[in-house]
Amino acid sequence: MAKMILTGNESAAWGARLSKPKVVAAYPITPQTSIIEKIAEFIANGEMDARYIRVESEHSAMAACIAAENTGVRTFTATSAHGLTLMHEMLIWASGARLPIVMSVVNRAMAPPWSVWTDQLDSVAQRDTGWMQIYSENNQEVLDSIIMAYRVGEKHNILLPTMIMEDAFILSHTAEAVDVPEQKLVDDFVGEFEPAFKLDPQDPGGFGSLIMPEGPYMEFRYKMALAMDEARKEIRKVTEEFAEVFGRKYPGLVEEYRTEDADAIMVVMGTIASTAKDVIDALREKGKKVGLARIRYFRPFPYEELREIVKKADMLGIVDRSYTFGYGAALYTETKGALYGHTDKPIKNYVVGLGGRDITPDVLVKIFDNMLKIAKDGVVDREIEWVGLHGDERWS
Amino acid sequence: MSMMEDIRLKVESLLRTERLPHVWCSGCGIGITLNAFLRAVVRANIDPNQLAVVSGIGCTGRAAGYVNVDSFHTTHGRAIPFAVGLKFARPDMHVVVFSGDGDLFAIGGNHFVNAARRNHDILVIAVNNFIYGMTGGQHGPTTPTGAFTTTTPYGNPDRPFNIPHLAISLGAPYAARWTTHHLMQLQNSIYTALHRKGFRVIEVISQCPTVYGRRNSMRDPLTMMEYFKKNSIIKHDATFEEMELTYNGKIVVGVFRDVQGIPTYEERYEDIIRRAKK
Ligand code: SF4
């Protein structure tokens, strides 16, 4: 195992390199581009044995990955924001065709107005595409998650694609020490890709044909739903095995931090978790009992874990770095949906950090204080609250 | 006030000076092109309220943010469909697309092809720097065969688009190519095109020393401009075979097509409405 100083994007490129995809098709977009540049370099230098397709848009990038994967080879791509949303049609195709493609996504705000900074709406808006979704907290997790994603996705009872998120700039362009595992270990762990079905002139078949309403369309979708449930179990198993081989233990679908005996637990995705952990340590020293649940997998959604977590505290504060216009942000509504009938404890939604607005420890301290008050009073002051809007006295 | 000073002030009034300095690297050709465009607008005496500028994404795409007229900084590749919508709603206005090669010919390529085919009444100024500049120098649809980019570290195997060739083959009534070295010709060409109708395309070969030149032994802006100067040949009405643009080779420039009287899409549409109402 070699320690290297890598940015989140370099970690993603290394995760891809170690997993040995045979085809990479990609299109540049800030702040993702350095992933595919690094991969282009690996391939050109002969360090990666793959074909690199320089396509003319993200839509084509995913289309090319789909076709390549259909021939029975492993594929990889990366994108961000508008690139990801442009891919939307092809994302649904990839999962519907049961192709375990793996993709890195750098979370960036959607325009207008133009912004290249972090915000999770781009990937949250892909919730219903049938892709598994992992939100990373650090660069090591970016790399390791890619390896695990191939392993989980390619299982024949699963066959679903995965996107692995990293917050723009906070991870994508920030370097830290990352363990780059030995190739041999990854080879053994991920194994050769064995497609369940593929385009094969010796055994011709049709892909994507038309189905009448009385045909098995609904059954195909039901099988996908079952596969997502299978994935939930497989993810827990694979993270255990990963720990045995590589010595790094990931918490399956949800990471808990100091949730024991907590009065209030914050639920988040992405890098906010790191800041929150520091804040929690500081608050605990002052006797404030707070904890954290970091959602690694937003899809499949960890409803079982959350039903256990809610038992440990008097309230949950759901912190979202995106908003779903009309009612509540996605992590909030999903959590509430999962807990309906399982708890009557107060749950509040905090909307933070859109368009890359900085989430400082101070902001989180204020949120925790508000959460603790709700835990004590047993009533939610506001169901959904946008934190730190210009001119808002409550948060200044 | 001297005439020069008068033009300078008028050009300045067409810029959102509060947004300056611009993001472009020093020595970049996009500023030269924008200057030529604005000077042509001043010369043509176009009312700024009757002009809209539409850009896509990329270094050139930032132009929309600097012009002091109604402007759109649209999504990647979609400058032309936005412009088509604008022109349709406000046929009285001059609609100019000012965008880059990566934006117009890769992700937005299909829009270019179909808008040209339909002969929409818009002027497209396509700044061609051979590369995706904004994202740091990846291969694009106009990267010359053999050129070096971050995603073609050993040379580009693709064939690039020949933009005026493409436009003319689709029936565009006005198509020209200049480089940033041909400042007056470029300005004159834009001036003429502003007076024409239909789908008008002006390709501007522009230096990107920062991420293209650097990898292709032309590190500084001057070397790139000298390369344009040395290799350019003016050949108006060049045939398809003559419109060469190669890596390390000839750059054939000029007005390759300028015909008048071809009905625009907007005119044909009005005509149908008129006939239907009879
Ligand atoms: S990167 Fe190239 S095209 Fe972009 S502003 Fe700099 S010189 Fe101009």
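This is a short tour of a predicted model, with a suggestion at each stop for what to select next.

**Stop 1: the ligand in chain B**

Start by selecting the ligand and showing what sits around it. You should find B:Trp24, B:Cys25, B:Cys28, B:Ile30, B:Cys59, B:Asn129, B:Gly133, B:Cys208, B:Pro209, B:Thr210 and B:Val211. What classes of residue make up this shell around the ligand? Eight are nonpolar and three are polar, with no charged residues in the shell.

**Stop 2: strand β6 of chain B**

Now select residues 200–205 of chain B, which form strand β6. This strand is mostly covered, with six of its six residues buried. Turn on the side chains and look along the strand. B:Arg200, B:Ile202 and B:Val204 point one way, while B:Val201, B:Glu203 and B:Ile205 point the other way. In a regular strand, side chains alternate between the two faces of the sheet. Whichever way they point here, all of these β6(B) residues are buried.

**Stop 3: the partners of β6(B)**

Add residues 123–128 of chain B to your selection to see strand β4. β4(B) pairs with β6(B) in the parallel sense, over six bridges. Two spots help you line them up: B:Leu123 stands opposite B:Arg200, and B:Ala126 stands opposite B:Glu203.

Next, bring in residues 174–179 of chain B, strand β5. It also runs parallel to β6(B), and six bridges join the two. Here the pair to click on is B:Trp178 and B:Val204, which stand opposite each other. Now add helix α7, residues 183–194 of chain B. Together, β5(B), this helix and β6(B) make a right-handed β-α-β unit.

**Stop 4: a closer look at β4(B)**

Go back to β4(B). Is this strand buried or exposed? Six of its six residues are buried, so the strand is largely enclosed by the rest of the structure. B:Leu123, B:Ile125 and B:Val127 point one way, and B:Val124, B:Ala126 and B:Asn128 point the other way.

Then select residues 94–100 of chain B to show strand β3. Five bridges join β3(B) to β4(B), and the two run parallel. The bridge partner of B:Val97 is B:Val124 in β4(B).

**Stop 5: two bends and an outlying helix residue in chain B**

Select B:Asn119, in the loop between α5 (109–118) and β4 of chain B. Most residues other than glycine have a negative phi, and most peptide bonds are trans. B:Asn119 has a positive phi of about 60° although it is not a glycine. B:Asn119 counts as buried because 22 other C-beta atoms lie within 10 Å.

Now find B:Leu20 and B:Pro21, which are joined by a cis peptide bond with omega about 5°. B:Pro21 is in the loop between α1 and α2 (30–43) of chain B.

Helix α1 itself covers residues 3–13 of chain B, and B:Glu5 lies in it. B:Glu5 is exposed because just 9 other C-beta atoms lie within 10 Å.

**Stop 6: where the chains touch**

Show both chains. The contact takes 18 residues from chain B and 15 residues from chain A. On the chain B side, seven of the residues are nonpolar, 11 are polar and none are charged.

**Stop 7: the two domains of chain A**

Color chain A by domain: domain 1 is 2–246 and domain 2 is 254–395. Their centres, taken over C-alpha atoms, are 28 Å apart. The contact between them takes 26 residues from domain 1 and 18 residues from domain 2. On the domain 1 side, α9(A) gives the largest share, five residues. That side has 15 nonpolar, five polar and six charged residues.

**Stop 8: around β7 of chain A**

Select A:Asp167, in strand β7 of chain A. Why does A:Asp167 count as buried? It does so because it has 27 C-beta neighbours inside 10 Å. Beyond its neighbours within four places in sequence, A:Asp167 is in contact with A:Asn107, A:Thr118, A:Gly270 and A:Thr271.

Finish with A:Phe169, in the loop between β7 and β8 (175–180) of chain A. A:Phe169 has a positive phi of about 65° although it is not a glycine.

Technical notes:
Residues are numbered from 1 along each chain as its sequence is written. Chains are lettered from A and ligands numbered from 1 in the order in which they are written. This is a predicted model: local features need pLDDT of at least 70, side-chain atom pairs count only at pLDDT 80 or more; totals for chains, interfaces and linings use all residues. A residue is near a molecule or strand if its C-beta atom, placed from the backbone, lies within 6 Å of it. Ala, Val, Leu, Ile, Met, Phe, Trp, Tyr, Cys and Pro count as nonpolar, Asp, Glu, Lys and Arg as charged, and the others, Gly among them, as polar. A residue is buried if 20 or more other C-beta atoms lie within 10 Å of its own, exposed if 12 or fewer, and partly exposed in between; C-beta atoms are placed from the backbone. Helices (H or I, at least four residues) and strands (E, at least two) are DSSP runs, numbered from the N terminus. Two strands pair if DSSP finds at least two bridges between them. A crossover is right-handed if, with the strands pointing away from the viewer, the path from the first strand over the helix to the second runs clockwise. Two residues are in contact if their C-beta atoms, placed from the backbone, lie within 7 Å. Domain bounds come from an automatic or database domain assignment.
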